[in-house]
Amino acid sequence: MRHFITTDDFSNNEILEIFNDAEKFLKHEERGDELAKKNVMTLFFENSTRTKSSFEMALKRLGSRVVHLDISKSSTSKGETLLDTAYNLKSIGANAFIIRHSDAGVTYKLAEHLNNKSSVINAGDGAFAHPTQAMLDLFTIMRYFPDPTGKKIAIVGDIRNSRVANSNIKLLPRFGIDITLVSPPHFLPKINIKSTNNLNEVINDVDIIMSLRTQTERHNQQVYSSLKDYAKDFCITEERLKNKNVILMHPGPVNRNIDISDGLMNDPRTKILEQVENGVAVRMAILKFLLAGNK
Ligand code: NCD
């Protein structure tokens, strides 16, 4: 029984094997019963639009039975500790638990206490990791650049508080992709990757732009006088992009005219809805990899 908590849980070869399957799922070449008789439970302790429904669609297309824990009615709100929740989950029993939580590291803790009985799949924990999002991002990049070695990406925005950025920063260089972080100094993580606060400087030199939402819910204090001020320097706009040949990505939800201008949302270079579509296929392939065999 394997868990998927960070992208490090899969080798490069395993990732390529998963992408190969995802490509088939995208073309609807699957049987549809790969997870028949499996029971999977989703626990979203933090809001989600895309990720939750994407996992649910992926599970149902594989024939799995899905149970959602309704957090608002769950015992967490009545004071149950996470460990007690874990012991109860173990007794309920499921082949996998898909978990989103506002605290970094919660998925590790649950995995430890569920040991080998169930797979734990991280659907985003705090600012730490969002491995299935990074997988679908890399998959989307590789559909445009089948050999991504040497391709350049600018990751733009609130990088320090973004689990999407953190997972991509780990995953993309493993496939030879060169990262530049673009953000104001207070949104930069303390890591050794080249960075700038001048978006105009890098925009001419990259193949891929990944814009991120400003994670205001994770800020202890307001760091910009307004999001409009932030947008002046970091919004991806038609004026900045001109006719550059790039692909523009965003994990969603997009703050229009803060992260990306209205006009660019319908631009053919913008691949946000393709990311969402690919996300279902990639999650299907990940679930099949983890649950269908005897791994
Ligand atoms: C992101 C998340 O929740 O981490 N969205 C997603 O899962 N697609 C990004 C965000 O909230 O900004």
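Which residues are exposed on the other side of α8? This tour of a predicted model begins at that helix and then proceeds to the sheet, two loops with positive phi, a cis peptide bond and the salt bridges.

**Helix α8**

Select residues 227-234, which make up helix α8, and display the side chains of Tyr230, Ala231 and Phe234, which are buried. Looking down the axis of α8, one finds these buried residues within an arc of 100 degrees, so they line one face of the helix. An α-helix has 3.6 residues a turn, so residues three or four places apart point the same way. On the other side of α8, Lys228 and Lys232 are exposed, which answers the opening question. To see what covers the buried residues of α8, add the surrounding elements, including β5 (152-156), β6 (178-182), α7 (199-203) and α9.

**The four-stranded sheet**

Next, select the open sheet whose four strands follow the order β2-β1-β3-β4, with parallel pairing. Its edge strands are β2 (65-69) and β4, each of which pairs on one side only. From one strand to the next, the twist averages 15 degrees.

Begin with strand β1 (residues 39-44), which is joined to β2 by five bridges in a parallel arrangement. Within this pairing, Thr42 stands opposite His68 of β2. Now add helix α2 (residues 50-61), which packs on the sheet and touches β1, β2, β3 and β4. The direction of α2 makes about 175 degrees with that of β1.

Move to strand β3 (residues 96-101), which pairs with β4 in the parallel sense over five bridges. Here Ile98 stands opposite Ile121 in β4. Strand β4 itself (residues 119-125) is mostly covered, with seven of its seven residues buried. Colouring β3, helix α4 (residues 106-114) and β4 together reveals a right-handed β-α-β unit.

**Loops with particular backbone geometry**

Select Lys37, in the loop between α1 (12-26) and β1. Lys37 has a positive phi of about 70 degrees although it is not a glycine, and it is exposed, with a relative accessible area of 71%. A second stop of this kind is Lys242, in the loop between α9 (238-241) and β9. Its phi is also positive, about 45 degrees, and Lys242 is not a glycine either. Lys242 is exposed, at a relative accessible area of 60%.

Continue to Pro253, placed in the loop between β9 (247-249) and α10 (262-265). The peptide bond from Gly252 to Pro253 is cis, with omega near -5 degrees.

**Salt bridges**

The whole structure contains 13 salt bridges. Select Asp21 and Lys288, whose closest N and O atoms are 3.0 Å apart in one of these contacts. Asp21 lies in helix α1 and Lys288 in helix α11 (residues 272-291), so this pair ties together parts that are 267 residues apart in sequence. Asp21 counts as buried at 16% relative accessibility, whereas Lys288, at 25%, counts as partly exposed. Adding Lys24 shows a network of salt bridges that links Asp21, Lys24 and Lys288.

Then select Glu23 and Arg143, which form a salt bridge with their closest N and O atoms 2.7 Å apart. Glu23 belongs to helix α1 and Arg143 to helix α5 (residues 131-144), so the pair ties together parts that are 120 residues apart in sequence. Glu23, at 22% relative accessibility, counts as partly exposed, and Arg143 counts as partly exposed at 40%.

The final stop is Arg269 with Asp267, whose side chains meet in a salt bridge of 2.9 Å, N to O. Both Arg269 and Asp267 are buried.

Conventions: Residues numbered from 1 in each chain as written. Predicted model: local features only at pLDDT ≥ 70, side-chain atom pairs only at ≥ 80, totals over all residues. Heavy atoms only, no water. Buried < 20%, exposed > 50% of the residue type's maximum accessible area, 1.4 Å probe, protein only. Helix = DSSP H or I, 4+ residues; strand = E, 2+ residues; numbered from the N terminus. Pairing = 2+ DSSP bridges. Right-handed = clockwise from strand over helix to strand, strands pointing away. Axes fitted to C-alpha atoms, helices over the stretch in contact; angles between N-to-C directions. Contact = heavy atoms within 4.5 Å. Arc of directions from axis to C-beta. Salt bridge = Lys/Arg side-chain N within 4 Å of Asp/Glu carboxyl O.
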